[in-house]
Structure formats: C-alpha cells, structure tokens
Amino acid sequence: MSNFQVLIDSLSTNPYFSAGFGLFGVGALAAIGRGTAQLSLALGRRHLLSSVQVPCNDKAYTWFLDWLGREAGKRAQHVAVRTEWVEEEGGRVSSTYSVEPSPGLHLIYWKGTWIRLERIREQQQVDVIGGVPWETITLTTLGRRRGFLLEMLEGA
C-alpha cells in the first residue's frame, strides 16, 4: 500500500474530517443555491416585467398625476393634495385642488391588470427649474406589455 492510500484511508475513517467535509459540502451547495436564486430573480425581473418611468421634469408628469388622481385615485388610501390658485383682478383668489397618490408604493387596477406604481421623492436632489424635490413615477406590470403602459400614458 502506498503512503497516499494510507493517508486517504486514515482520513476517510476520521470522524472529524468526515464531519468537516460534510459541512463544507452543505455550505457550498447553499452558496450555489443562493447564487442561482439571485440570478433567476434578476432574469425574471428583466424578462417578465414591463416598466415605464416618468421623471418630474417631463411634460407628461403633471398630466399623468392628474389622470392618476381621477382614474386610480378613486380608491387610493394614501393620497397627497396639490393646490393651484389664481389671483384675479381686485385681489380675489380662486383655487382648485387635485388628489394624487402620495409618495410611496401603490397597487392600482386598470383595465383588468394590476399595476405597481412607485412614486419616489428624492430629498437630496432638487429640480433646478421648480426648486422642488426630484420625483419619479415608475409603473410596472407583469408580462411584456410596454404598449399597455404607454396606452395608460396616452390616456393621461
């Protein structure tokens, strides 16, 4: 018997080595499983979800917020109020307000489809023109339905 064979036989009968090798195998399988799950989740998001993002400096942003307040905001629980006022001659002030989804995450149901609406307000960035915090609205739905989301924007 060679020295190498003696070493292999002694290590295979050693319970401490066997337990360590078993733990190594379980840890390696767990790491591979975690990496596979993360990769499949990223691929799933990329290929199974459609998203449209509308930044606050886009002309469609205010139209879309108004439309959301009318269409999707009927059943919203968390809303923000936007007030617009005009001072007429003689000092008389007339105002109108609109209700829109507040910053955060919302689920809306439109034309038989659930849509995830995320309104993010960045506190560190400020819109140079308006001096208000930078905001972004992201609409996400299941499937390759970019046209559906663009149809939603057309309706606004």
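A residue counts as buried when its relative accessible area is under 20%, and as exposed when that value is over 50%. Keep both cut-offs in mind for this predicted model.

**An enclosed strand**

Start with strand β6, residues 133–142. Of its 10 residues, 7 are buried, so the rest of the structure largely encloses this strand. Strand β6 also has a partner. Strand β1, residues 49–55, is joined to β6 by 7 bridges. The two strands run antiparallel. One facing pair shows this on the model: leucine 49 stands opposite leucine 142 in β6.

**A nonpolar surface patch**

Now turn to the surface. Which residues form a nonpolar patch there? They are Val79, Val81, Tyr97 and Val99. Together they have about 380 Å² of accessible area. Strands β2 (79–87) and β3 (93–101) each give two or more residues to the patch. Tyrosine 97 lies in strand β3.

**Two exposed residues**

Is tyrosine 97 buried or exposed? Its relative accessible area is 61%. The cut-off for exposed is over 50%, so tyrosine 97 is exposed. Lysine 111 is exposed too, with a value of 56%. The table sets them side by side.

| Residue | Place | Relative accessible area |
|---|---|---|
| Tyrosine 97 | strand β3 | 61% |
| Lysine 111 | loop between β4 and β5 | 56% |

Lysine 111 sits in the loop between β4 (104–110) and β5 (113–126). Its backbone deserves a look as well. Phi of lysine 111 is near 50°, a positive value in a residue other than glycine.

Note on methods. Residues numbered from 1 in each chain as written. Predicted model: local features only at pLDDT ≥ 70, side-chain atom pairs only at ≥ 80, totals over all residues. Heavy atoms only, no water. Patch = residues over 30% accessible without salt bridge, like charges linked within 9 Å, V, L, I, M, F, W, Y side chains within 5 Å. Areas by Shrake-Rupley, 256 points an atom, 1.4 Å probe, with all protein chains shown as cover. Salt bridge = Lys/Arg side-chain N within 4 Å of Asp/Glu carboxyl O. Helix = DSSP H or I, 4+ residues; strand = E, 2+ residues; numbered from the N terminus. Buried < 20%, exposed > 50% of the residue type's maximum accessible area, 1.4 Å probe, protein only. Pairing = 2+ DSSP bridges.
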